[in-house]
Amino acid sequence: RYGPPRWPYFMRSVFVAATRQHVGKSTTSLGLLAALSSRVPLESIGYLKPVGQQHVEVQAAAEGAPPLRVDKDCRLAKEYFGLRCEYKHMSPVLMPRGFTKSYVDGEIDMERQKQALLHAWEALRAAHPNVVVEGTGHMGVGSIVGLDNAAVAKLLGLEVVLVCEGGLGSAFDELSLNLAVCAAQGVKVRCVVLNRVQPAKVEMMRDYLGRALGRIGVPLAGLVPTEPFLAAPSMGDFAKLLGQRLISGEEHVLRHCGGVQFVTCSVRRFEERLAEGEYSDRLLVVHGSRLGILEACLRHHAQTGEIRGGVIFTGTRHSWAPDEPILARLRESRIPTMHAPLETTEVAERIQKFTAKLNATDRQRTEAAIRHVQAHVDMDVLLGGTAAGGLASPRRGV
């Protein structure tokens, strides 16, 4: 009933997966969409996130209908590229917190979920035959409900592009595990992309990993060097992480800082480091009780204009928050600043665990990510070698 569609129609589409979370799957998918948009009409391109976890509302409730929610990556793809596909077909299955428990308790009919996925896929490919399908996490994610990435790729009849990162041994180890999951489902891996490679090791990794993959018949389509800016959160990302808003410098909500500095030194040493330019582009995290540090920031910025990062001041007691004169000077300086009413240790823990994801608002970082991946990955290999004419235009009259 859920057998693979007929060959070779679905060579026009591809399933992008990864060996684990946060290794560059979304960046690779965006690079593919950009490659397609330079080869075929925009109306022939679609995007599908079969199973999503982190979702956003894209359409408010109306006339008794519930609000439409989709995986956040769908909004990024659609808004950035101006895709013509409909949101209702881009994110057919959502698995919010508690979904798997409800499934095990027998409260969710996965047959209906599969039908919804297939209905969305058929509607999407009928109007947009060149579809980039992006998975969720590693190949086994979703296996508890029978909709892991390998099972979905089989269901849709698609080959897989696997994205991984790491050194030679660790990357191949992770690839082996994910290749085994694909093999168990009879899913072919089209190629591998190695992301976040140390620049000095790119050629070595290209040689050795390329030969290692060649022994098992899987092409290496590209190695993407590490680019620190692509992992740099914006001030807006930090605000969302901490559940706060900027109290000054709101126009710099998309500013990216060149690192995070927890300020624990004396005021005198802090001023010396400011003068040396060491902290000029950092996100400075300082306890709200240390007014001397905040005043030093303001003096230095007034004299040089060199504070190009941002400030987070912490502290749970109301008495630790900067007083109104300091806040007024911060607002006047336009330094992007927020107050996190948390202990500094908790702020540090949240920041340490945080991975900044590409989003529809931060076009600068999204554009940089697309340029970077396209410069280092053979997109024709990812597209199945179809650049010479195998890509499809929209079917008229559908």
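Leaving aside neighbours within four places in sequence, M110 is in contact with F99, Y103, V145 and L147. This residue is a good place to enter the structure, which is a predicted model. M110 lies in helix α5, made of residues 110-127. Its relative accessibility is 8%, so M110 counts as buried. Another residue to look for here is G146. M110 and G146 are 36 residues apart along the chain, yet 8.0 Å separates their C-alpha atoms.

L147, one of the contacts of M110, also leads to a cavity. L147 belongs to the lining of the largest cavity. Ten other names complete that lining: F15, P50, V51, E134, G135, T136, V141, G142, N149 and V152. The volume of this cavity is about 60 Å³. How many cavities of 30 Å³ or more are there? The count comes to two.

Turn now to the nonpolar interior. The largest nonpolar core has 84 residues. Which residues have the most contacts inside it? They are L162 and L382. Take L162 and follow its contacts, again not counting residues up to four places away in sequence. L162 touches A17, A18 and T19. M139 is also on its list, as are L175, N178 and L179. V189, C191, V192 and V193 complete the set. Apart from the largest core lies another one, of 19 residues. Among its members are V263, L294, V311 and F313.

Next come the aromatic rings. The structure holds two aromatic pairs. One joins Y80 and F81. Their ring centres are 4.9 Å apart, and 80 degrees lie between the planes. This pair is edge-to-face. Are its two members buried or exposed? Y80 has 18% relative accessibility, so Y80 counts as buried. The cut-off for buried is under 20%. F81 is buried too, with a relative accessible area of 14%. The other pair is F270 with Y279. Here the centres are 5.6 Å apart and the planes stand at 35 degrees, so the pair is tilted. F270 is at 0% relative accessibility and therefore counts as buried. Y279 is at 1%, so Y279 counts as buried as well.

Rings also meet charges. The charged end of K78 sits over the ring of Y87, 5.4 Å from the ring centre. In the same way, the charged end of R211 sits over the ring of Y208. There the distance to the ring centre is 4.7 Å.

Y80 leads on to another helix. Y80 is one of the residues that T366 touches. The others are L30, L76, L358 and N359, with residues up to four places away in sequence not counted. T366 is found in helix α14, residues 363-376. With a relative accessible area of 0%, T366 is buried.

L358, a contact of T366, brings us to the largest pocket. Its volume is about 970 Å³. The lining of this pocket has 41 residues. Which of them are closest to the centre? They are Q54, K72, K240, K357 and L358. Several elements share in the lining. α1, β4 (55-59), α2 (72-81) and α9 each supply at least two of its residues.

α9 is also one end of a loop. V253 lies in the loop between α9 (235-242) and β11 (260-262). V253 is partly exposed, with a relative accessible area of 34%. V253 and G236 are 17 residues apart in sequence, but their C-alpha atoms are 4.9 Å apart in space. G236 is also among the contacts of V253. So are S234, M235 and L246, not counting residues up to four places away in sequence.

Two more loop residues deserve a look for their backbone angles. H22 has a positive phi of about 60 degrees, although H22 is not a glycine. H22 is found in the loop between β1 (14-18) and α1 (25-37). With a relative accessible area of 29%, H22 is partly exposed. R334 has a phi near 65 degrees, a positive value in a residue other than glycine. R334 has its place in the loop between α12 (324-333) and β14 (337-340). R334 is partly exposed, with a relative accessible area of 32%.

Key. Residues are numbered from 1 along each chain as its sequence is written. This is a predicted model: local features need pLDDT of at least 70, side-chain atom pairs count only at pLDDT 80 or more; totals for chains, interfaces and linings use all residues. Side-chain values use heavy atoms; hydrogens and water are left out. A nonpolar core is a set of buried Ala, Val, Leu, Ile, Met, Phe, Trp, Tyr and Cys residues joined through side-chain atoms within 4.5 Å. Buried means under 20% relative accessible area, exposed over 50%, partly exposed in between (1.4 Å probe, protein chains only). Contact means heavy atoms within 4.5 Å. Rings of Phe, Tyr and Trp (its six-membered ring) pair if their centres lie within 6.5 Å; planes under 30 degrees apart count as stacked, over 60 as edge-to-face and the rest as tilted. A charge sits over a ring if NZ of Lys or CZ of Arg is within 6 Å of the ring centre and within 35 degrees of the ring normal. Helices (H or I, at least four residues) and strands (E, at least two) are DSSP runs, numbered from the N terminus. On a 1 Å grid over the protein atoms alone, a cavity is a set of points where a 1.4 Å probe fits but cannot get out, and a pocket is an open set with protein on both sides within 12 Å along at least five of seven lines; lining residues have an atom within 4 Å of a point. Grid points are joined across faces, edges and corners, and a volume is the space filled by probe spheres set on the points.
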